[in-house]
Amino acid sequence: MVRWISAAMRPFLRLSCYGVALILTGCGSAGYPHPPSLDLPQPPTDLRIARKGDRVYLAWTVPTESTDSLVVKHPGPTDICRSVDLAMKECGVAVGQVAAMPAVAPNTSQSADQAKAQATYTDPLGAIVLSGNPEGRLFYSVSAMNANRRSAGLSNIVSVSAYTSTLPPSDFQARLGSNGVTLSWTGVSYATEPSGVTRTYRVYRREQGKTPDFIVGEIPYGTTGECQLVDQTFEWEMKYDYRVTVVTKIELPGTPASQFDGDDSAIVQVVTHDVFPPAVPSGLQAVFSGAGQQPFIDLVWAPVTDADLAGYNVYRHEAGGSPVKINETLVKPPAFRDNHVASGHIYTYMVTAVDLRGNESAPSGEASESVP
């Protein structure tokens with residue numbers, strides 16, 4: 001049945017519909033309202049770890065995004081969590097804390113990843129933490145918090161060996177010589193290590209002002225008396241820092257092999273200034289030739305094997321005279337022909353070796369030859 005609305009009711013009906021429309025449209029954007037952000041930093045996922053001596057070094061990227069996928073507006077401190085249990089679920093009592101670090105905005109020459117701030121922490125292990133059991137490990141995580149000290153959870157978990165380290169030698173020395181840099185120290189005896197544990201002395205070299213380290217060599221720890229390594233891989237006319245440390249290596253069945261460096265010895269600085277001449281040539285022989293032609297004397301000798309050899313100088317003198325160099329430029333092969341000889345003379349020769357920096361050896365033994 002159709003009911004007709006009277007003319008008197010129509011204005012009220014229009015006003016009621018207009019009110020409903022206002023309620024339905026409202027102000028602002030359409031849709032359900034969002035809850036307020038908790039501003040919880042996302043847990044770091046790139047926690048890294050290294051151990052040297054009785055210190056553990058941690059590093060990670062400071063989170064700039066919250067669990068709501070928004071920029072963290074009010075970052076708080078970060079707790080450092082340490083445990084002897086891999087199944088670490090919560091931080092418990094933190095062993096340290098890093099103060100809040102604001103996000104870093106990238107500049108025009110940096111990408112967003114390059115601009116992310118890096119946080120670090122050093123955990124000084126005490127004797128009560130370290131263990132005489134090579135299977136012992138320390139597990140670490142970090143908990144990034146907001147300004148209200150609330151956290152979204154732990155970062156990834158990393159670990160290092162909790163086995164005790166060994167002190168470096170106290171009398172490490174370096175001496176430059178013609179055959180290289182001789183590195184020496186006094187070795188000490190020690191009690192037998194548990195199965196799976198070995199220690200070695202390791203010598204490092206670093207060019208001054210540079211960061212990469214070069215391993216010169218290793219000697220088993222426990223070698224008594226004088227320990228010695230000779231570095232022949234350096235470059236001349238450079239400045240180097242040398243140091244020695246004791247490396248602990250742990251290889252146990254069913255677990256990945258691991259190792260860590262102990263503390264460093266005092267650094268010894270060496271300037272590889274080459275003032276060392278090459279070896280003295282030997283085996284010099286002189287032989288006359290020239291029957292029916294221009295006379296000459298051929299010289300031959302054993303080659304000098306120094307790596308930095310540049311060539312040879314040839315000296316000649318006659319009885320009662322002083323030796324005079326007779327080559328204009330360095331002689332490259334271990335042989336020389338003297339074309340400036342005259343009949344009725346006796347010539348005496350000597351040879352020296354010269355390196356790339358102009359250091360000249362002492363003269364060889366003499367060799368004499370007469371020209372008929």
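**Exercise 1.** Which residue of β6 stands opposite T78? Place the pair in its sheet.

*Solution.* The model is predicted.
- Step 1. Find the two strands. β3 covers residues 75–83 and β6 covers residues 137–146.
- Step 2. Get their direction. β3 and β6 run antiparallel, joined by seven bridges.
- Step 3. Read off the partner. Opposite T78 lies A144.
- Step 4. Widen the view. β3 and β6 belong to an open sheet of four strands, ordered β4-β3-β6-β7 and paired antiparallel.
- Step 5. Mark the edges. β4 (96–98) and β7 (158–161) each pair on one side only, which makes them the edge strands.
- Step 6. Add the twist. From one strand to the next it averages 25°.

**Exercise 2.** Which residues are the bridge partners of R316 in β21 and in β19? Describe the setting of β18.

*Solution.*
- Step 1. Locate β18. This strand spans residues 309–317.
- Step 2. Take β21, residues 346–355. β18 pairs with β21 over eight bridges, in the antiparallel sense. Here R316 is bridged to Y349.
- Step 3. Take β19, residues 324–325. Two bridges join β19 to β18, again antiparallel. Here R316 is bridged to V324.
- Step 4. Inspect the hairpin. Six residues lie between β18 and β19, and G320 has a positive phi near 85°.

**Exercise 3.** Is strand β18 mostly covered or uncovered?

*Solution.*
- Step 1. Apply the cut-off. A residue counts as buried under 20% relative accessible area.
- Step 2. Count. In β18, eight of the nine residues are buried.
- Step 3. Conclude. β18 is mostly covered.

Key. Residues numbered from 1 in each chain as written. Predicted model: local features only at pLDDT ≥ 70, side-chain atom pairs only at ≥ 80, totals over all residues. Heavy atoms only, no water. Pairing = 2+ DSSP bridges. Axes fitted to C-alpha atoms, helices over the stretch in contact; angles between N-to-C directions. Buried < 20%, exposed > 50% of the residue type's maximum accessible area, 1.4 Å probe, protein only.
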